[in-house]
Amino acid sequence: MIRVEVRRDPSFDAAKQPVILTYSPDNSLSEPETADDSVGNRYVPRGYARAVADVLGTRGSTGCWDYGGADEQQSGVDVVKYLAALPWSNGKVAMIGGSYNGTTATMVAARGDAVPELKAIVPIAGISRWYGYAYGNGARYFLNSQSATDEGFDTPLAFDVGFAKTVAADPMGQAFADTVRARAAECGAVEHTEEGYSRNPDYDGFWLERDYRKDAADIRAAVLIAHGWQDYNVKQEEGTTLFEAIRVDNPSTSAVEGAPFKKLYLTQGTHSGGTRGDRWQPLLDRFLAATLTGEDNGVEREPVVLTQGRTFAGADPTFRSEASYPAPGTKEANLWLRRTFDTDEIPGVTLPPPGTGETGALSSKPNNTTTDNVFTYVDTGLATEEVSNRDPLNEFGHGYYSLYYKSLPLAADTRISGSAVLDAVVRNSTAGQHLTPVLLDVAPNGTAKTVERGFLHLSYRNGLARSQPTAGEWIDADVELLPQDYTFKAGHRIGLLVQSSNTVWAVPGAVGTMNIANGRVPDATRVGSKLTLPVVGGELRFTKP
């Protein structure tokens with residue numbers, strides 16, 4: 001049994017009311033009347049019904065919490081159908097919510113034709129693939145240095161021992177007794193823990209069942225995705241990759257190929273942040289009116305993407321309206337990693353022993369020579385981007401715990417839209433090591449700020465299906481960094497930190513030495529490693545040295 005609380009104005013019953021639903025595991029935090037919230041306050045007086053339901057196995061719903069699995073998915077479908085069939089309902093339901101509450105919206109919509117009553121979803125900072133919430137390409141996400149309570153490491157643990165143990169505040173007879181008994185059961189907690197905190201997390205059936213992105217083409221509801229570029233909990237790619245995967249119906253054909261329309265709203269907010277104020281609320285009002293009441297307000301013809309960019313100075317004051325994501329005209333631009341002592345691009349540096357004076361350059365051309373092309377650092381599992389940003393050449397000599405590369409100063413403002421990719425050729429000394437590169441914006445005074453960060457457990461360099469440990473041999477390892485909308489200002493340099501642990505952000509892997517090819521290495525690579533940037537316009541222009 002699923003507990004559902006509904007708030008509505010009966011004066012609208014004769015005209016029939018659409019329903020705005022939130023399916024949440026967190027309703028114990030909203031006692032005693034969960035539907036008496038800001039959404040209800042705004043939309044109930046406008047003729048919408050507000051519904052809030054407890055996720056299977058939480059608070060007043062019986063059964064076991066399923067961590068986004070098949071039972072949880074089906075229960076969400078059942079709630080939508082129940083609400084659509086009520087005598088005062090017009091048969092149309094929207095799902096809305098932030099974080100887990102936005103995840104359930106995507107979860108139900110991914111069931112496609114099984115839930116035609118679901119006409120719209122508004123996932124705000126929602127998960128589209130549970131594996132991507134827990135792991136960055138096999139590396140277990142941990143804390144962060146920006147918002148200490150916003151890291152997501154407590155899932156699934158906090159739910160198995162916390163939210164999934166709560167019961168509704170008001171006793172409900174036999175149903176109340178059933179929830180109490182269910183909470184005492186194990187309810188899959190052991191499997192959740194094993195999968196959610198594994199050191200070698202294969203993308204097995206457990207994760208495949210909880211992958212809604214793979215079914216995004218089946219979504220038939222209109223979609224308004226909102227996410228923060230600086231979300232440190234549900235990473236921003238959960239929203240952008242879902243948006244890209246959703247197909248839109250072609251109205252000129254009789255078949256239904258996808259959603260009626262889709263929109264993406266990206267702010268510089270953190271987790272569930274940025275969806276307030278003069279820009280968001282009118283958009284949401286029009287979206288719900290169009291999809292639930294049939295109002296012809298033209299929202300589906302407005303720009304598909306609204307995105308707020310960022311520079312070294314901070315968030316842009318305005319949003320860009322664009323026809324797609326990544327931004328139109330975005331093309332790949334390559335910068336090659338080069339180890340250099342003193343070149344016409346990046347001069348060498350003076351360092352105390354054991355530093356040898358080398359530094360790293362990001363060059364528009366690969367290094368075709370065959371000497372000094374292997375750069376080395378030693379990872380102790382303690383490196384962080386914060387320390388490396390402050391001291392990119394390492395206090396005791398370059399190569400102790402990370403490597404630092406930078407370009408010449410940019411000749412013009414340069415915007416990236418999407419994910420940078422480090423295409424690395426590396427040799428790790430210990431099986432289970434990670435690669436955690438950080439893209440930097442380096443100001444003329446040498447101060448650096450993080451633009452994007454990436455994570456890769458090297459055992460998953462060939463895909464997530466199964467762990468393939470390696471050590472002592474040269475391998476190709478592509479690391480896709482978490483996406484951003486960012487503009488490097490003219491005169492700034494593009495920087496790159498290459499390291500194997502980012503311990504403020506992820507649980508470190510095995511420790512050891514890491515070699516990276518910075519040009520031709522016999523029997524390993526002819527061109528070395530490169531950084532590929534998603535540049536709007538596709539051109540990188542630098543000042544001459």
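**Disulfide, cores and strands of a predicted chain**

User: What's the torsion about the S-S bond of C64 and C187, and is the disulfide left- or right-handed?

Analyst: The torsion there is about -50 degrees, so the disulfide is left-handed. Their sulfur atoms sit 2.1 Å apart, and a disulfide here is a pair of cysteine sulfur atoms within 2.5 Å. By that rule the count comes to one disulfide.

User: What am I looking at, and how are residues numbered?

Analyst: This is a predicted model, where local features need pLDDT of at least 70, side-chain atom pairs count only at pLDDT 80 or more, and totals for chains, interfaces and linings use all residues. Residues are numbered from 1 along each chain as its sequence is written, and side-chain values use heavy atoms, with hydrogens and water left out.

User: Back to the cysteines. Which loops do C64 and C187 lie in?

Analyst: C64 is in the loop between β3 (49–54) and α2 (70–84), and C187 is in the one between α6 (174–184) and α7 (189–196), so the pair ties together parts that are 123 residues apart in sequence. Helices (H or I, at least four residues) and strands (E, at least two) are DSSP runs, numbered from the N terminus.

User: Is C64 buried or exposed? And C187?

Analyst: C64 is partly exposed, at 33% relative accessible area, whereas C187 is buried, at 18%. Buried means under 20% relative accessible area, exposed means over 50%, and partly exposed is in between (1.4 Å probe, protein chains only).

User: Okay, whole chain now. How many helices and strands does it have?

Analyst: The chain has eleven helices and 26 strands. Its radius of gyration is 25 Å, close to the 24 Å that the globule rule gives for 545 residues, so it is as compact as a globular protein of that length. That radius is taken over C-alpha atoms, and the rule is 2.2 Å times the number of residues to the power 0.38. Of the 545 residues, 57% count as buried. The C-alpha atoms fill a box of roughly 80 × 50 × 40 Å along the principal axes.

User: Which residues touch the most other members in the largest nonpolar core?

Analyst: L21, M95, L118 and W207 do, out of 57 residues in that core. Another core, of 36 residues, lies apart from it, and includes Y405, Y486, F488 and I516. A nonpolar core is a set of buried Ala, Val, Leu, Ile, Met, Phe, Trp, Tyr and Cys residues joined through side-chain atoms within 4.5 Å.

User: And what does L118 touch?

Analyst: Leaving out residues up to four places away in sequence, L118 touches V80, V93, A94, M95, A105, V108, A109 and A221. Contact means heavy atoms within 4.5 Å.

User: A105, V108 and A109 are in α3, right? How many residues of α3 are buried?

Analyst: Right, A105, V108 and A109 are among the buried residues of α3. Ten of the ten residues of α3 are buried, which leaves the helix mostly covered.

User: What do the buried residues of α9 pack against?

Analyst: They pack against α3 (100–109), α4 (130–134), β8 (222–228), β9 (262–267) and β10 (305–311). Seven of the nine residues of α9 (237–245) are buried, so this helix is largely enclosed by the rest of the structure. Among the buried ones are E237, E238 and F243.

User: Switching to strands. How many residues of β16 are buried, and in which sense does β16 pair with β23?

Analyst: Five of the five residues of β16 (414–418) are buried, so the strand is largely enclosed by the rest of the structure. β16 and β23 (484–488) pair in the antiparallel sense over five bridges; two strands pair if DSSP finds at least two bridges between them. The bridge partner of R415 in β23 is T487.

User: What about β12? How many bridges does it share with β26 and with β13?

Analyst: β12 has seven bridges with β26 (530–536), antiparallel, and E332 stands opposite P534 in β26. Five bridges join β12 to β13 (359–363), again antiparallel, and there L337 has L362 as its bridge partner.

User: Any backbone oddities? Which residues does a cis peptide bond join?

Analyst: One joins T155 and P156, with omega about 15 degrees, and another joins Y325 and P326, with omega about -5 degrees. P326 is in the loop between β11 (314–322) and β12 (330–340). R59 has a positive phi of about 45 degrees although it is not a glycine, and R59 counts as buried at 1% relative accessibility. N137 also has a positive phi, about 50 degrees, but N137 is partly exposed at 28%.
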